[in-house]
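Welcome! Open the model in your viewer and follow along, one selection at a time.

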Amino acid sequence: VDSYGKRAFVLTLQAREQHIKRERATSNICSNQALAALTSTIHVSLIGWEGMREAALQSQDKAAYLLNGLKDLIRRSNLLGQMPFWCEFPLRFASVESMETFLAALKSEGIFGGVRLGPLTKQDGDERIVLVAVTEKRTKEELDRYIAVARRVLA
Amino acid sequence: MNEPLIFDLSRSGRRGYTYPQSDVPTSAGLNDTLLRKSPAQLPQFSELDVVRHFSRFPA
């Protein structure tokens, strides 16, 4: 029995999770990098190079659509420099507080607004930059929601 | 195990998955100097080919 007095079972004489082993299996794949490598191999096999190209172009178009929707807000708050980008772009805020308000507002709507750059680069000034990434999986409706929340917070 | 490599099974023009049509306008895109000149060397498969190949693999 366990510490709550409930009946429990243990794996005896098994070095690892052999109960999940398939017939003829030569190794187990648990939650490790080999599983990640295998799933991405399968994914790439399914989409092929044309699919890879399509995903890249859609990611690019959708990132451009989102940035375009944020543009007037960004300029007004004096936020961003224009560099060539593919599907990720930085948003620079006036202060760490305004950045956190922005991210929190998006989070409350179930949107992951972006990655805080500061802890990653540890560069001066980066602590008020958010890196936003858009992939082919996002829809116009989702991007419009992002823009609407941003408009409410930054306007 | 005599399973061929995934590249040996590849057939030009096959697609295992097609993305939904994009619902945003096409962007200007990247400068040509930033783009690759030839297609990436990735295998092309139908969905069934992929399922069969990876199922034959004891994992």
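Start with all of chain A: buried residues (under 20% relative accessible area with a 1.4 Å probe, protein chains only) make up 30% of its 155 residues. This is a predicted model, where local features need pLDDT of at least 70, side-chain atom pairs count only at pLDDT 80 or more, and totals for chains, interfaces and linings use all residues. Residues are numbered from 1 along each chain as its sequence is written, chains are lettered from A in the order in which they are written, and side-chain values use heavy atoms, without hydrogens and water.

Next, switch to a cartoon view. Chain A has 4 helices and 3 strands (DSSP runs of H or I, at least four residues, and of E, at least two, numbered from the N terminus). Along the sequence they follow α-β-α-β-α-β-α.

Now select L66(A), L70(A), F89(A), L91(A), F102(A), V132(A) and Y146(A). Within the largest nonpolar core, which has 26 residues, these touch the most other members; such a core is a set of buried Ala, Val, Leu, Ile, Met, Phe, Trp, Tyr and Cys residues joined through side-chain atoms within 4.5 Å. Helix 1 of chain A gives the largest share of this core, 7 residues.

Zoom in on Y146(A). Among the residues in contact with it (heavy atoms within 4.5 Å), not counting those up to four places away in sequence, are I111(A), F112(A) and G113(A).

Finally, show helix 2 and helix 4 of chain A. Their contact includes A105(A) of helix 2 and A150(A) of helix 4, and their crossing is right-handed (the near helix is turned clockwise from the far one by less than a right angle).

Key: Buried means under 20% relative accessible area, exposed over 50%, partly exposed in between (1.4 Å probe, protein chains only).
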